[in-house]
Amino acid sequence: MPTVPRTKSSNLGRLYKTGNSQSPHKKSPDTVYVHYTKNRNPSLSMFYPEKVHFKGRDHKTAEHAYQFEKAVHHDRYGTAEDIANCDTALKAKQTATNVLVCNKSWHTKKEQIMSDIIQARYEQNTRFAKALR
């Protein structure tokens, strides 16, 4: 099974014109900076309207999946269902603000959950995978 290349997401495309190689970030040899905006690589956004199947459930966007997992992790099952039923990723994120992140275990798991969601997107969505190549 192929794995998604290791990247750091950024919106530097909003700050620098396309083709400008200057960046405020120091690049290491093993890091690829991914630039996206609404008009440049939009499929890389967590808000991109592309279904992702994660942990036995279909989600409208990767953001829906992430916020759903956050709510479930904090035993907020009603909020998780509200997130799943949101029409847009922005509404899902806004709905998740009701989840108070006071559980320290979330901070140790959230990066792995995000990584797993990105891996699922890479395996399931051709447009996302092509944008990373």
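Buried here means under 20% relative accessible area. With that cut-off in hand, the predicted model can be walked through from the overall fold down to single side chains. The chain comes to 5 helices and 4 strands, and the order from the N terminus on is β-β-β-β-α-α-α-α-α. Of its 133 residues, 39% count as buried. Sequence-distant pairs show up a lot in the contact list: among contacts between residues at least 6 apart in sequence, 58% join residues at least 24 apart.

Helix H2 is a handy place to start. Its buried residues are Thr79, Ala80, Ile83 and Ala84. Looking down the axis of H2, these fall within an arc of 145°, so they line one face of the helix. That set packs against E4, H1 and helix H3 (89-96). Helix H3 tells a similar story, with Ala89, Ala92, Thr95 and Ala96 as its buried residues. Down the axis of H3 the arc is 120°, so here too the buried residues line one face of the helix. What covers them includes H1 and H2.

From the H1 side, glutamine 67 joins this picture. Glutamine 67 sits in helix H1 and, at 4% relative accessibility, counts as buried. Leaving out residues up to four places away in sequence, glutamine 67 touches Ile83, Ala92, Lys93 and Ala96. Its side chain also has a polar partner, with a contact of 3.1 Å to the side chain of lysine 70.

Next, the nonpolar interior. The largest nonpolar core has 10 residues, namely Met46, Val52, Phe54, Ala62, Ala65, Tyr66, Trp106, Ile113, Ile117 and Ala120. E3, H1 and H4 are the elements that give two or more residues to this core, and H4 gives the most, with 4 residues. Apart from this core lies another, of 9 residues, among them Phe68, Ala84, Cys86 and Ala96.

Two core members from the H4 end deserve a closer look. Tryptophan 106 lies in helix H4 and counts as buried at 2% relative accessibility. Residues up to four places away in sequence aside, tryptophan 106 touches Tyr66, Glu69, Lys70, His73, His74, Val101 and Ile113. As for histidine 74, it is 32 residues from tryptophan 106 in sequence, while the two are 8.1 Å apart in space, C-alpha to C-alpha. Alanine 120, the other one, touches Val52, His53 and Phe54, with residues up to four places away in sequence again not counted.

That leaves the charges. Side chains of opposite charge can pair when their charged atoms come close. The structure holds 2 salt bridges. In one of them, the side chains of lysine 55 and glutamate 69 meet at 3.4 Å, N to O. Lysine 55 lies in the loop between strand E3 (52-54) and strand E4 (57-59), and glutamate 69 in helix H1 (residues 62-73), so the pair ties together parts that are 14 residues apart in sequence. The two ends sit in unlike surroundings: lysine 55 counts as exposed at 58% relative accessibility, whereas glutamate 69 counts as buried at 9%. Glutamate 69 is also one of the residues touched by tryptophan 106.

A salt bridge also joins the side chains of glutamate 81 and arginine 57, at 3.0 Å, N to O. Glutamate 81 lies in helix H2 (residues 77-84) and arginine 57 in strand E4, so this pair ties together parts that are 24 residues apart in sequence. Glutamate 81, at 34% relative accessibility, counts as partly exposed, and arginine 57, at 26%, counts as partly exposed as well.

Arginine 121 is the odd case. This residue is found in helix H4 (residues 104-124) and is buried yet has no salt bridge. Glutamate 50 is the nearest side chain of opposite charge, 4.2 Å away, and a salt bridge needs a nitrogen-to-oxygen distance within 4 Å. As for its neighbours, arginine 121 touches Ser43, Leu44, Ser45, Met46, Tyr48, Glu50, Val52, Ala62 and Phe128, not counting residues up to four places away in sequence. Among those neighbours, Met46, Val52 and Ala62 also belong to the largest nonpolar core.

Key. Residues are numbered from 1 along each chain as its sequence is written. This is a predicted model: local features need pLDDT of at least 70, side-chain atom pairs count only at pLDDT 80 or more; totals for chains, interfaces and linings use all residues. Side-chain values use heavy atoms; hydrogens and water are left out. Buried means under 20% relative accessible area, exposed over 50%, partly exposed in between (1.4 Å probe, protein chains only). Lys and Arg count as positive and Asp and Glu as negative; His and the chain ends are not counted. Contact means heavy atoms within 4.5 Å. A polar contact is a pair of N or O atoms within 3.5 Å; within protein, one must be able to donate a hydrogen and the other to accept it, and residues adjacent in sequence count only if both atoms are side-chain atoms. The arc is that of the directions from the helix axis to the C-beta atoms. A nonpolar core is a set of buried Ala, Val, Leu, Ile, Met, Phe, Trp, Tyr and Cys residues joined through side-chain atoms within 4.5 Å.
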